[in-house]
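Good morning, colleagues. Please turn to the structure on the screen, and I shall take you through selected parts of its surface.

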Amino acid sequence: MKGLVKVNTPELVEELKKKEGVQYFEGGLYRNYEVKAKYTARNKELLLPKKYQILIVERND
């Protein structure tokens, strides 16, 4: 594909953390933050690792 550059995931996360409208959290089993499904009856159970990164990106649409 023309115009695309390969970037590894850690580099991408570091760049996104610097952007306006992006919130970053360290999540996991023994962390202060955790991702949970809003409607568990409709969604499959989320299988998350013990430690993970959470990026929340604000939408402007």
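Which residues does Arg31 touch, leaving aside those up to four places away in sequence? The contacts are Glu26 and Lys51. I should say at once that we are looking at a predicted model.

As to its place in the chain, Arg31 belongs to the loop that runs between β1, residues 22-28, and β2, residues 51-57. Lys50 stands 19 residues away from Arg31 along the chain, and the C-alpha atoms of the two are separated by 8.9 Å.

Is Arg31 buried or exposed, or does it fall in between? Its relative accessibility is 35%, and because partly exposed covers the range between 20% and 50%, Arg31 is placed in that class.

One of the two contacts is also a salt bridge: Arg31 pairs with Glu26, and the closest N and O atoms are 3.7 Å apart. That separation satisfies the cut-off, since a salt bridge requires a side-chain nitrogen of Lys or Arg within 4 Å of a carboxyl oxygen of Asp or Glu. The partner, Glu26, has a relative accessibility of 34% and is likewise partly exposed.

Let me now widen the view to the other charged pairs. How many salt bridges does a search of the whole structure find? The search returns five, and I shall describe two others besides the pair already mentioned.

The first to consider joins Glu15 and Lys18, with 3.3 Å between the closest N and O atoms. Glu15 counts as partly exposed, at 43% relative accessibility, whereas Lys18 is exposed, its relative accessible area being 63%.

The next joins Glu34 and Lys36, where the closest N and O atoms lie 3.8 Å apart. Here Glu34 is partly exposed at 48% relative accessibility, while Lys36, at 63%, counts as exposed.

I turn finally to a nonpolar feature. Which residues make the nonpolar surface patch of about 290 Å²? They are Val5, Val7 and Leu12. Val5 sits in the segment that precedes α1, the helix spanning residues 9-17. With a relative accessible area of 68%, Val5 is classed as exposed, because that value is over 50%.

To summarise, I have shown you Arg31 in its loop between β1 and β2, its salt bridge with Glu26, and the nonpolar patch made by Val5, Val7 and Leu12. Thank you for your attention.

Definitions and conventions: Residues are numbered from 1 along each chain as its sequence is written. This is a predicted model: local features need pLDDT of at least 70, side-chain atom pairs count only at pLDDT 80 or more; totals for chains, interfaces and linings use all residues. Side-chain values use heavy atoms; hydrogens and water are left out. Helices (H or I, at least four residues) and strands (E, at least two) are DSSP runs, numbered from the N terminus. Buried means under 20% relative accessible area, exposed over 50%, partly exposed in between (1.4 Å probe, protein chains only). Contact means heavy atoms within 4.5 Å. Patches are made of residues with over 30% relative accessible area and no salt bridge: like charges are joined within 9 Å, nonpolar side chains (Val, Leu, Ile, Met, Phe, Trp, Tyr) within 5 Å. Accessible areas come from the Shrake-Rupley method with a 1.4 Å probe; for residues, only the protein chains shown count as cover.
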